[in-house]
Each structure stands twice: as structure tokens, then as C-alpha cells.
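Morning, everyone. I have one structure to walk through today. Please have it open in front of you.

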Amino acid sequence: MCSSDLVSSFDAILPPGQGSILAIGGARPTVVATADGLLGVKRQMQVNITCDHRIIYGADAAGFLKDLAEVIETNPQSLTL
């Protein structure tokens, strides 16, 4: 399988009785602007969370996604322990 065969994004359907579900697409090289205003290539992936707002407060879900992004960007090895 080559990187072009990866699923880049999808929406997960929340099963009845669950509070939330996470959908993570494959990481792909993407052209981005660097901090110094130049162009560079960075691997990016799309992450979606679907929540039942009767159970999970939306701001808490957003905070979880922010924390997850930080872990993936700074210490991805910690997710395999």
C-alpha cells in the first residue's frame, strides 16, 4: 500500500449508547507556510470527533482534540506505550 491509498478523512457514526467516537485519517504530505513565511512540506492528518452532547460537553471534546494534537506533534511515541 502506498501513501496515496490511505483514507485521508472520514466521519465516524456514533453507536447508540456511546458518548463519543474518534475518526483519524492517514497522514499525508501537505504544502504549508512555515514560521518564516516560506513554503514547506509537513505531514498532516484530519481528526474528527463525534459526540452526543447530552453526555459530552462540546468544549471538553475540543480540549481533548487540542491535547491530542499536542501529543501527536511533540511526543507521538507516548501513544504506543
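Let's begin at Ala-59. At 47% relative accessibility, this residue counts as partly exposed. The cut-off for exposed is over 50%, so Ala-59 stays in the middle class. Ala-59 sits in helix α1. Take Ile-49 as a reference point. Ala-59 and Ile-49 are 10 residues apart along the chain, and their C-alpha atoms are separated by 12 Å.

A word on the source before I go on. This is a predicted model. Please hear every number in that light.

Now the overall layout. How many helices and strands does the protein chain have? The count is 1 helix and 4 strands. Reading from the N terminus, the order is β-β-β-β-α. So keep that order in mind as we move around.

Next, overall dimensions. For 81 residues, a compact globule would have a radius of gyration near 12 Å. The protein chain comes out at 15 Å. Along the principal axes, its C-alpha atoms fill a box of roughly 45 × 30 × 30 Å.

Then burial and surface. Of the 81 residues, 15% count as buried. The accessible surface of the protein chain is about 6200 Å². Carbon and sulfur atoms account for 57% of that surface.

Contacts across the sequence come next. Take the contacts between residues at least 6 apart in sequence. In the protein chain, 37% of these join residues at least 24 apart.

Charges, quickly. The protein chain carries 5 positive and 8 negative charges. The mean positions of the two sets are 4 Å apart.

How many salt bridges does the structure hold? The answer is 1. Asp-52 and Arg-54 form a salt bridge, with the closest N and O atoms 2.8 Å apart. The cut-off is 4 Å, so this pair qualifies.

Now look at the two partners. Are they buried or exposed? Asp-52 is buried, at a relative accessible area of 14%. Arg-54 is exposed, at 77%. The limits are under 20% for buried and over 50% for exposed, so the two partners fall in opposite classes.

Stay with Asp-52. Where is Asp-52 found? Its place is the loop between β4, residues 47-51, and α1, residues 58-74. Which residues does Asp-52 touch, not counting those up to four places away in sequence? They are Leu-14, Gln-18 and Gly-19.

That takes us to Gly-19. Gly-19 lies in the segment before β1, which spans 20-24. Gly-19 is buried, with a relative accessible area of 17%. Set aside the neighbours within four places in sequence. Gly-19 is then in contact with Leu-14, Thr-50, Cys-51, Asp-52, Ile-55 and Ile-56. Leu-14 also appears among the residues that Asp-52 touches. One more pair here: Gly-19 and His-53. They are 34 residues apart in sequence, yet 8.0 Å apart in space, C-alpha to C-alpha.

Now to Leu-6. Leu-6 is also found in the segment before β1. At 29% relative accessibility, Leu-6 counts as partly exposed. Back to Ile-49 as the reference. Leu-6 and Ile-49 are 43 residues apart along the chain, and their C-alpha atoms are separated by 19 Å.

Last stop: Leu-39. Leu-39 lies in strand β3, residues 39-44. Is Leu-39 buried or exposed? Leu-39 is exposed, with a relative accessible area of 69%. Leaving aside neighbours within four places in sequence, the contacts of Leu-39 are Val-31, Val-32 and Thr-34.

To recap. The chain runs β-β-β-β-α. The salt bridge joins Asp-52 and Arg-54. Asp-52, in the loop between β4 and α1, touches Gly-19, and Gly-19 lies in the segment before β1. That's my tour. Over to you.

Key: Residues numbered from 1 in each chain as written. Predicted model: local features only at pLDDT ≥ 70, side-chain atom pairs only at ≥ 80, totals over all residues. Heavy atoms only, no water. Salt bridge = Lys/Arg side-chain N within 4 Å of Asp/Glu carboxyl O. Buried < 20%, exposed > 50% of the residue type's maximum accessible area, 1.4 Å probe, protein only. Helix = DSSP H or I, 4+ residues; strand = E, 2+ residues; numbered from the N terminus. Rg over C-alpha atoms; globule rule 2.2 N^0.38 Å. Contact = heavy atoms within 4.5 Å. Areas by Shrake-Rupley, 256 points an atom, 1.4 Å probe, with all protein chains shown as cover. Lys, Arg positive; Asp, Glu negative; His and termini not counted. Charge placed at Lys NZ, Arg CZ, Asp CG, Glu CD.
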